[in-house]
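Reader: I am new to this structure and would like to understand the reasons behind the terms used for it. Please take them one at a time.

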Amino acid sequence: MKKFASLYATLDATTKTTEKVDALTQYFSESSPSDAAWAVYFLSGRKLRQVIPTRKLQIWAAEIAGIPDWLFEESRSTVGDLAETIALILPSQTEGTHRPLAEWVEQVLLTLRDASEEQQKLAVLAAWSSMDHQQAFVWNKLITGSFRVGVSQLLVTRALSRVSGASTEAIAHRLMGDWQPTSAFFAGLISTDHSDSDVSRPYPFCLAHALAGPPEDLGNIDDWQAEWKWDGIRSQFIRRVGQTFVWSRGEELVTERYPELKQLGESIPEGSVIDGEILPWKDGHVLPFAELQRRIGRKTIEKKLLEEVPVVLMAYDLIESNGLDVRNRPMEWRRTKLEEMAAVVSSPTFHLSKLVSADSWTDLAAKREMSRSHNVEGLMLKRKISPYRVGRVTGDWWKWKINPLTVDAVLIYAQGGSGKRAGLFTDYTFGVWDDGKLVTIAKAYSGLTDDEIKQVDAFVRRNTLETFGPVRTVKPELVFELGFEGIQKSSRHKSGIAVRFPRMLRWRTDKPAAEADTLATVRKLLPGGSE
Amino acid sequence: MTTHLIIQTDRGLLCPPGDFYIDPWKPVDRAVITHAHSDHARAGSARYLCAQVGRGILQTRLGSTAMIDSLAFGEVVTHNGVQVSFHPAGHVLGSSQIRVEFKGEVWIVTGDYKLDADSTCAPFENLRCHSLLTESTFGLPVYRWAPSSEVFAEINGWWQTNREAGKASLLFGYSLGKAQRLISGLDASIGPIYLHGAVERMTQEYRAAEVSLPPTTPVSMAPTGTKWGGAMIIAPPSAHHSPWARKFAPVSTAMASGWMRVRGTRRRRAVDRGFVFSDHVDWPGLMATVKASEAEHVWVTHGFIEPVVRWFRESGLDAHAMRTAYEGEADEPEVSE
């Protein structure tokens, strides 16, 4: 636990990739395989289900510190993080525990699940009293299932590769899917024998950056393949040895949630892996993302929902063909293979992503302007000679999204941020005018510069009208231009409207609150115009 | 209804029977100053009164034309029947608590203070009073300071590591007080210590007041071509990311401040290291001070006013908020430390 807590502190303190990889490399070379397995598990973003409600932890910690609940709450809202607040108010323990990470997890954390509340409390208090500040912080993150640190899985793979000599691709592949963090798994993870395979195992996804400059900078348009950028769940569809597996981008196996796709597997040739998007699709049209959300997270699907929100697979790419990994073949070659497959697969749930052809970038830009009417987010540009790479790469694949819908709204509530933004008011709720009153239209957290955040934070502190717990009602004075990707009717929101991916585009210091948009104007942005 | 001995006005804290202000933020006839930090000592008043040992710094800060009288710690002056005296606050050189007594009633205005060891100024003196007016910059139980010897060990360890890696160590701390306290704890056998101009000016005042500090050199006096690897440079936080700081590369940066106790603030500063090191009282210190004062009435100024007031009320004290123009809820190390 000492080494893991100190690794966390090092990773947390630096933004330099080389220093992070060095720290990881050192950790993996010094740790036992059982500790290393758990470290990989947590560092790659996997989480154990929370076993003790945070509320309980808060009460126990306040009890030990001898402070009332409201004072703990005040502290937490300043610190911005529950696990850290607890660690900060606990009596200091300078020596810390020497017990290994794997033991803490397997012999303490995992046994908490089936323990009585009394036993849980005893175990947690005993853990706290044996840990130093840094360990208690990491421990709290682990038991609350909120452990996060600024390393990508890519850096973890790089460090593991450096320690073991196994290739980063093999390690990345072995990290996909379901696995148990045991010493045996870790031995396999860093094995230099690359012949391993697993029928369900997906490939790491190839991701794209947003195109920032003009498309002309990409060179000749004939070197590029353009497709619509759909808004669904990016997934990998696997058909091997007569079985079907559907993985989401979050590396979650979701086959059982989409019986339509499981059935589709019957018509897909053996030894195929398709990169595509799960889309809600009905009567020849894509449905809004919010409809798909009704199916995400549901393990058992009622018949009614299946009828209301059927899904399809929009196929983008073929990365395994006839049982062979074809990721290093050019995009153009893989596209041809995908088209050949589409020609023989006759299933209403299988859609081949259409190519958007254009003679020039200007022509393509004009087609991109039509995105909203196709219910897509814009275009995807892929270099025809590009391999299917690992992770978010620069140069070969680009997202070329359309400009967002915008609305000028007034800041009405503010709440403290967390993590790096702890102690600052960074989470905002915005309203638009309706009949002389402001109705909530969206919440947004991102889009302001650090300087602007400071200014808004100072404004919030000086102009608080009311405080409800962590939320402050502020004088309706500041106007921001909000951008969002989609808008639709919603009965769950007071305004009757739900927006997708709202963020602040700019601070309209030139606009008084009275001139912000009205709900009527916002309704006009709904598909089909006004209500 | 009894009138209070100290009240808040739009010019600052006023003692009505004595007709003087304590740390006024607007020009007044008579200003009694707790210490020379800019949010407490503002220019423009007709006459100033401060503790003797802090006079030099105050004069430097306010300009040579400011009319400043001073008193030794503990010396009492009576003005309009009000007895006024200065007592060490342990915040920076010359920082004082102001004791005000009128017809047997005693008020203490702490100004900024801390209880921790600091060889660069006189230690905080616990005084008894009826009403205590305390700061609350770090008035939450998450703010607790480790002994300064531990922090110095961390700082010197960081310096040593940087030296071995051929890097300079650039340490940020407020130029009056924090910087000199940092210098006092540095192990000069590790390497040379250089100072930013703003820090240098204040350090000269400390040396003039015979505070013992290891030898230092102003950065501006370093010959061109100086190799900065292994050196320690002390600078105010405003120098972070400035063109001035570029010449020290390769460099490791650190910030010394009480705000570094919280991870989010530490990360926001974008420095390589954050040392939890404050010249303000921490939560246990605040509790201990109020208790030792035996005050029945507690007035809470700049910082976490509401929670501190509520806490003392729930502990059975008569506690109130006192709004001041000192750097209230500021969460930025440069302004408040």
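Author: Angles of 65 to 115 degrees count as roughly perpendicular. In this predicted model, helix α1 (residues 2-13) of chain A and helix α9 (residues 133-143) of chain A pack at an angle of about 85 degrees, with their axes 9 Å apart.

Reader: What are α1(A) and α9(A) therefore called with respect to each other?

Author: The angle of about 85 degrees falls in the range of 65 to 115 degrees, and α1(A) and α9(A) are therefore roughly perpendicular to each other. On the side of α1(A), the contact is made by A:Phe4, A:Ala5, A:Ser6, A:Tyr8 and A:Ala9; α9(A) contributes A:Gln134, A:Gln135 and A:Val138. By class, this contact has five nonpolar, three polar and no charged residues.

Reader: Why does A:Leu90 count as buried?

Author: A residue is buried if 20 or more other C-beta atoms lie within 10 Å of its own. A:Leu90 has 20 C-beta neighbours inside 10 Å and therefore counts as buried. A:Leu90 lies in the loop between α6 (82-89) and α7 (101-112) of chain A. Leaving aside residues up to four places away in sequence, A:Leu90 touches A:Ala61, A:Ile64, A:Ala65, A:Trp128 and A:Ala136.

Reader: What is the mean pLDDT of chain B, and where is the pLDDT below 50?

Author: Chain B has a mean pLDDT of 92, and 96% of its residues reach 70 or more. Over residues 328-337 of chain B, however, the pLDDT is below 50. Where pLDDT is low, the predicted coordinates should not be read in detail. For the complex, the predictor gives an ipTM of 0.91 and a pTM of 0.71.

Technical notes:
Residues numbered from 1 in each chain as written. Chains lettered and ligands numbered in written order. Predicted model: local features only at pLDDT ≥ 70, side-chain atom pairs only at ≥ 80, totals over all residues. Helix = DSSP H or I, 4+ residues; strand = E, 2+ residues; numbered from the N terminus. Buried ≥ 20, exposed ≤ 12 C-beta atoms within 10 Å, placed from the backbone. Contact = placed C-beta atoms within 7 Å. pLDDT = per-residue confidence, 0-100. Axes fitted to C-alpha atoms, helices over the stretch in contact; angles between N-to-C directions. Parallel < 35°, antiparallel > 145°, perpendicular 65-115°, else oblique. Nonpolar A, V, L, I, M, F, W, Y, C, P; charged D, E, K, R; others polar.
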